[in-house]
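Me: Before going through the assignments, I would like each label set against its cut-off. Please take them one at a time.

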Amino acid sequence: MAKASGKSRTQVAIIGGGPAGLLLSQLLHLDGVDTILLERRSRDYVLGRIRAGVLERGTVELLRTAGVGSRMDVEGINHDGTYLAIANEGFRIDFKRLAGGSVMIYGQTELTHDLYDARDALEARIVHEVDDVRIECADSARPRVGYRHAGNDHVIDCEFVAGCDGFHGVSRKHIPVGVLREFERVYPFGWLGVLSRTPPVSDELIYASHERGFALCSMRNPKLSRYYIQVPLDEKADDWSDGAFWDELRRRIPHDAAERLVTGESIEKSIAPLRSHVAEPMRHGRLFLCGDAAHIVPPTGAKGLNLAASDVYYLWQALRRHYRERDDHGLDTYSETALARVWKAERFSWTMTKLLHRFPDQSDFDRRMQQAELEYLRSSTAAQTSLAENYIGLPY
Ligand code: RFL
Ligand code: PHB
């Protein structure tokens with residue numbers, strides 16, 4: 001039974017304590033805007049999730065602006081290019097030469113740690129393990145967020161609500177049917193990922209297209225590797241022994257890399273399904289969606305976390321104009337501004353996914369088209385420049 005209810009007040013109520021929610025609360029706090037952040041899971045659970053590894057330069061800059069860049073700047077690794085491999089043949093795409101930029105390798109887990117540390121240092125109000133979060137009167141001047149915590153009902157009176165609660169969150173569902181449009185593609189395969197305390201097989205990432213399916217060699221630091229292989233959707237991570245995983249990875253990457261590969265015990269092994277999804281609009285009244293709550297990309301382009309960062313940037317700038325100048329133009333155009341960048345990243349992630357994976361229903365013609373596309377990419381500076389420009393991140 002519900003115990004006594006608690007009432008609190010803030011300027012921006014943030015739902016979700018992933019990178020989007022934490023970064024937004026940090027940036028707003030530095031501007032003197034008060035926030036309360038509600039997170040469904042425990043802090044340990046959030047910090048235990050293994051996810052993204054590649055930061056665009058725009059994300060890196062935004063993290064520095066938020067005052068959370070110091071460890072990243074020491075431990076992050078700059079990558080000026082990446083390898084693509086077709087069967088046994090690899091070639092390099094030089095981001096720096098072709099597009100004048102690079103990306104940074106720094107795990108989302110580390111980034112989330114840094115954000116929590118920064119929020120602790122500023123004594124941020126973060127409530128973990130909340131339940132039954134609901135947004136009321138989102139289209140009025142005084143929205144409210146209700147939730148349950150430790151058996152008690154609570155209500156937050158606020159001025160804005162930021163829905164940063166990921167794909168399975170509740171925020172998006174508060175945009176009325178008839179207003180919300182959702183666009184989706186579900187791919188007929190997943191990625192089996194393994195984290196291992198072994199030195200990475202390559203100095204830069206290897207994206208490999210192979211008859212047996214896609215494979216990716218990534219890393220977190222010089223002693224920690226992250227590898228993925230494409231698997232059918234009905235496979236279970238537990239069905240894959242470490243030995244079977246390493247054998248399959250070796251078959252799909254170029255021979256020289258396979259020979260160099262150092263294997264070891266997996267410290268994390270999981271399967272992620274691949275999906276493209278966009279919700280429009282990203283705003284309803286005073287509710288604003290950010291990050292995975294509004295869009296999902298397949299991980300092939302390394303864009304998910306980076307899109308969450310660009311949404312946060314646009315919303316932070318819009319709220320700053322609202323509070324400093326009483327100018328709501330940024331808030332009024334938030335959805336279209338964010339969506340313009342989202343759709344370009346969706347296009348890139350979908351293109352990379354189509355290019356590099358084996359599809360179960362692929363005809364011989366489709367396969368030849370894919371091979372021709374890869375050959376074109378290998379031989380054309382124009383095609384490589386386009387990939388490089390998108391991979392390092394479009395400007396915002
Ligand atoms: P998150 O990280 O999902 O955080 C949402 C938070 O909201 C909480 N939540 C709720 N809280 C309160 N009330 C509710 N009702 C709630 N419902 C949910 C959740 O517990 C969670 O803590 O979303 P956010 O902040 O938008 O961040 C998005 C990124 O996490 C995501 O896009 C990336 O991880 C995607 N991604 C990658 N992105 C990149 O930019 N580069 C990469 O290299 C990259 N690699 C990846 C990836 C995602 C992967 N998986 C697991 C899908 C690799 C993989 C394998
Ligand atoms: C990762 O290191 O987890 C990673 C890197 C690049 C991707 C996806 C995931 O495209």
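Reply: What follows is a set of questions on labels and the values behind them. This is a predicted model, in which local features need pLDDT of at least 70, side-chain atom pairs count only at pLDDT 80 or more, and totals for chains, interfaces and linings use all residues. Residues are numbered from 1 along each chain as its sequence is written, chains are lettered from A and ligands numbered from 1 in the order in which they are written, and side-chain values use heavy atoms, with hydrogens and water left out.

Me: Why is Cys164 not counted in a disulfide?

Reply: A disulfide is a pair of cysteine sulfur atoms within 2.5 Å. The closest cysteine sulfur to that of Cys164 is in Cys290, at 4.4 Å, so the two are too far apart for a bond.

Me: What rules out a bond for Cys137?

Reply: Its closest cysteine sulfur belongs to Cys158 and is 9.9 Å away, which is too far. The count by this rule is 0 disulfides.

Me: Why are Cys164 and Cys137 labelled as they are for accessibility?

Reply: Buried means under 20% relative accessible area, exposed over 50%, and partly exposed in between, with a 1.4 Å probe and protein chains only. Cys164 has 6%, so it is buried. Cys137 has 44%, so it counts as partly exposed.

Me: Why is Pro143 called buried or exposed?

Reply: Its relative accessible area is 1%, so Pro143 is buried. Pro143 lies in the loop between β10 (130-136) and β11 (144-149), strands being DSSP runs of E of at least two residues and helices runs of H or I of at least four, numbered from the N terminus. Leaving aside neighbours within four places in sequence, its contacts (heavy atoms within 4.5 Å) include Cys137, Cys158, Phe160 and Arg286.

Me: How do you know that the span of α1 agrees with its residue count?

Reply: The expected span is 1.5 Å times one less than the number of residues. For the 12 residues of α1 (residues 19-30) that gives 16 Å, and the end C-alpha atoms are 17 Å apart, which agrees.

Me: What makes α1 mostly covered?

Reply: In α1, 10 of its 12 residues are buried, among them Pro19, Gly21 and Leu28. Gly32, with a positive phi near 85 degrees, follows the helix.
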